[in-house]
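Student: I would like a close look at a single part of this structure. Please take me through one strand and its neighbours with care.

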Amino acid sequence: VRSIRHLAPATDGTLIFSGLGQLWRKTGDAAPTKLSPADNFAFDPKVSADDTSLVYIDWSDQHGSTLKIARGNGQGARTVTSSPGIIRQPSLSPDGKSVVFRIQEPDVNMGGARAKPGIYVVPTAGGTPRFVTTGDDAPIFSPDGQRIYFLRTARPGDSPAQALWSVNLDGLDPREHARSPDADTTELRISPDLRWIAFKDRQQVNVLPYLETGRPLIISARSTEAAVHALTDKGGYALAWSPDSKTLYWSLGADLYRYEAIQVQVSRLR
């Protein structure tokens with residue numbers, strides 16, 4: 001495998017990721033073990049806050065997307081919901097009773113034109129997904145499970161940028177929390193505890209502490225509003241936080257990197 005994608009770290013250091021169109025689980029120095037069946041593609045895994053559950057997407061060109069939930073080791077998978085659209089980036093609520101996900105815009109290579117794009121919520125027990133709001137990337141629940149954070153593509157000028165928004169579970173009370181200044185700052189990823197924002201600026205991975213100030217925080221490697229910590233000089237992608245918000249992971253080709261966020265806090269306090 002030359003490239004690993006869709007990182008889903010657990011609090012205990014176990015890592016689930018996508019490679020060769022399938023899901024794999026790696027623990028310690030042991031060789032990765034395959035989790036997903038071989039007949040369909042599988043991607044976008046996410047581990048629950050307590051490491052006991054795993055959600056991911058199963059894709060078939062004939063039937064479209066299926067949102068699956070399984071135990072943390074990948075066993076006992078069952079269907080939560082399915083869609084002719086392209087389901088992406090599922091994430092479990094803190095109590096494990098709901099899943100938030102997005103349906104992406106139709107793709108000429110995969111289809112999906114029969115499903116409305118946006119952010120949805122569905123019970124883990126199954127049922128009809130409920131449309132919440134428009135959104136373009138990375139939906140997650142707040143720590144208390146009462147709000148949904150996600151990214152929207154903003155166009156302040158000729159250059160598209162990303163903006164971090166949240167709404168309540170009914171799609172109301174919209175709040176903009178942060179935004180990038182231009183298209184060169186991407187992959188904004190707020191930590192599950194809402195204390196950190198990791199991002200890429202000119203392809204380099206950075207992290208900064210996040211606090212609510214009542215106005216959107218400008219996310220940039222050159223920010224003067226918060227202490228920015230540069231983590232790479234060779235680039236990276238697939239930024240992913242551990243469920244306890246203590247560790248940030250990213251990939252670069254076949255290599256995997258991690259950074260302990262508590263070190264950032266200690267460095268900042270010094």
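Tutor: What follows is a walk through one strand, its burial and its two partners. This is a predicted model, in which local features need pLDDT of at least 70 and side-chain atom pairs count only at pLDDT 80 or more, while totals for chains, interfaces and linings use all residues. Residues are numbered from 1 along each chain as its sequence is written, and side-chain values use heavy atoms, with hydrogens and water left out.

The chain holds 1 helix and 24 strands, where helices (H or I, at least four residues) and strands (E, at least two) are DSSP runs numbered from the N terminus. Strand E2, residues 15-19, is mostly covered, since 5 of its 5 residues are buried, buried being under 20% relative accessible area with a 1.4 Å probe and protein chains only. Leu-15, Phe-17 and Gly-19 point one way from E2, whereas Ile-16 and Ser-18 point the other way, and all are buried.

On one side of the sequence, strand E1 (residues 5-9) runs antiparallel to E2 and is joined to it by 3 bridges; two strands count as paired if DSSP finds at least two bridges between them. Arg-5 has Ser-18 of E2 as its bridge partner, and in the hairpin of these strands, with 5 residues between them, Gly-13 takes a positive phi near 95°.

Strand E3 (residues 22-26) also pairs with E2 in the antiparallel sense, over 5 bridges, and here Leu-15 is partnered by Lys-26 of E3. The hairpin of E2 and E3 has 2 residues between the strands, and Leu-20 in that turn has a positive phi of about 60°.

Terms used:
Buried < 20%, exposed > 50% of the residue type's maximum accessible area, 1.4 Å probe, protein only.
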